[in-house]
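Thanks for coming, everyone. I would like to walk you through one structure, going slowly from a single residue to the wider fold, so please keep the picture in view while I talk.

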Amino acid sequence: MTTVLAVANQKGGVAKTTTVASLGAALSALGQRVLVVDLDPQGCLTFSLGHNPDRLERSVNEVLAGDLDAVDAVLKTDDGMDLLPATIDLAGAEALLLMRPGREFALKRALSPLLGSYDVVIIDCPPSLGVLTLNGLTAAQSVLVPLQCETLAHRGVGQLLRTVREVQAITNPDLVLLGALPTLYDARTTHSRDVLADVSDRYSLAVLAPPIPRTVKFAEASASGATVLAGRKNKGADAYRELADNLVKHWAGNEVVTFAPELA
Ligand code: ADP
Ligand code: MG
C-alpha cells in the first residue's frame, strides 16, 4: 500500500519544502521508493532538488490540466527519490483548474496510475489554502503541518484545521491529520517549547517527534541542489532521519511518536 502524505501550512517559510525534500531523501535512504510532488508555482522543491524550473517542458502543470500522464513528467533526483516538478506556469494551470468540474480531484486522479511504483508519495503544498492545496489534501491519506516555533505561530493554524475538516467532510473522508512538526526549533531557549505547548493545547494537535533544529546547513543545502542529507553529518539531517524512521514504523501499524514540549 502506498502512503500519500501532504505537507501543508498556508504560511510561507515554515519549512514545508525543506521537510518534503529532507524527509523524502531520508525515506529513500531507508529503502523506500519515494515520489515527491511540487505543488508550488514557485518551484522551490524542484529547484532545491537540482532541476531548473525555467528549463522544464513537462511538469505537474500539464498533468493537472489533463494534457499529460504524470509518469511522463517524473524526473530522477540525486537524492534517490523521484520528483514530479512544477514551474511558474503552475499559477496559470491553477486558474484553468478552477473552471473544471471535480477540480479538487485532479491530482488524485493523475497520481493513481503511479501509486504501484512507490511506497511513499509526499506532496509539497503552496503557501495558500487555494485549489492547489485542496488538491494536495484530497489526494493524501494524511497531512503533516510544519510549524515554526515562534510567537504568532498559531495564527492561521485554526483556519488550516478548518480547511482540513472541510476536506474530510467533502472530498476526502479518510484524510488523517497526522500532527504538527516543530521546525526551526531552538532547544536552547524555552521560547520554542512554550509556543509549541500553546499551539498544541489550543488546537489539541499532536506534535510529532523529533523537533527539527534550526541550523544553517539547510540554506547551504538548498543552494547546492541536493538535500541536507547529502552533506556532512549534521543535526538537521539526523532529525529528519529520525522522523523518517518514526513514520515508517507508524505506517507499519505503530502509534506515531510524539513530542511533549512541556516535558522537554
Ligand atoms: P516553506 O516551503 O514553508 O515556504 P522552506 O522549506 O522553503 O519553507 O524554508 C524557508 C527557509 O527556511 C529556507 O531558506 C530554508 O533553507 C530555511 N530552513 C528550513 N528549515 C530550516 C532549519 N531547520 N534550520 C534553518 N533554516 C531552515
Ligand atoms: Mg515551499
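Asp245 sits in helix α10, which covers residues 235-251, and I should say at once that what we are looking at is a predicted model. Around Asp245 there are 14 other C-beta atoms within 10 Å, and because a residue counts as buried at 20 or more and as exposed at 12 or fewer, Asp245 is classed as partly exposed. Although Asp245 and Ala26 are 219 residues apart along the chain, their C-alpha atoms are separated by 8.4 Å.

Let me turn to helix α1, residues 16-29. Its 14 residues should span 20 Å at 1.5 Å a residue, and its end C-alpha atoms are indeed 20 Å apart, so the expectation and the model agree. Is this helix largely enclosed or largely open? Of the 14 residues of α1, 13 are buried, so the helix is largely enclosed by the rest of the structure. After α1 comes Gly31, with a positive phi near 95°.

Helix α1 also brings us to the ligand, since α1 and α9 (217-224) each supply at least two residues of the shell around ligand 1. That shell holds 18 residues, the closest being Ala15, Lys16, Thr17, Thr18 and Phe218, and by type it divides into eight nonpolar, eight polar and two charged.

Now the sheet, which is open and has seven strands in the order β3-β4-β2-β5-β1-β6-β7, with mixed pairing. The strands at the edges are β3 (75-76) and β7 (176-183), and each has a single partner strand, so one side of each is left without a neighbour in the sheet. Further in, β2 (residues 34-38) and β4 (residues 82-84) run parallel and are joined by three bridges, and Leu35 has Asp82 in β4 as its bridge partner.

Which residues touch the most other members of the largest nonpolar core? They are Val36, Ile122, Ile123 and Val143, in a core of 81 residues. Leaving aside residues up to four places away in sequence, Val36 touches several others, including Val20, Leu45, Leu83 and Ile122.

I will finish with some backbone details in the loops. Leu184, between β7 and α8, has a positive phi of about 50° although it is not a glycine, and with 21 C-beta neighbours inside 10 Å it counts as buried. Ser204, in the loop between α8 and α9, also has a positive phi, near 35°, but with 7 C-beta neighbours inside 10 Å Ser204 counts as exposed. Pro210 lies in the loop between α8 and α9, and a cis peptide bond joins Ala209 to Pro210, with omega about -5°.

Technical notes:
Residues are numbered from 1 along each chain as its sequence is written. Chains are lettered from A and ligands numbered from 1 in the order in which they are written. This is a predicted model: local features need pLDDT of at least 70, side-chain atom pairs count only at pLDDT 80 or more; totals for chains, interfaces and linings use all residues. Two strands pair if DSSP finds at least two bridges between them. Helices (H or I, at least four residues) and strands (E, at least two) are DSSP runs, numbered from the N terminus. A residue is near a molecule or strand if its C-beta atom, placed from the backbone, lies within 6 Å of it. Ala, Val, Leu, Ile, Met, Phe, Trp, Tyr, Cys and Pro count as nonpolar, Asp, Glu, Lys and Arg as charged, and the others, Gly among them, as polar. The expected span of a helix is 1.5 Å times one less than its number of residues. A nonpolar core is a set of buried Ala, Val, Leu, Ile, Met, Phe, Trp, Tyr and Cys residues joined through C-beta atoms within 7 Å. Two residues are in contact if their C-beta atoms, placed from the backbone, lie within 7 Å.
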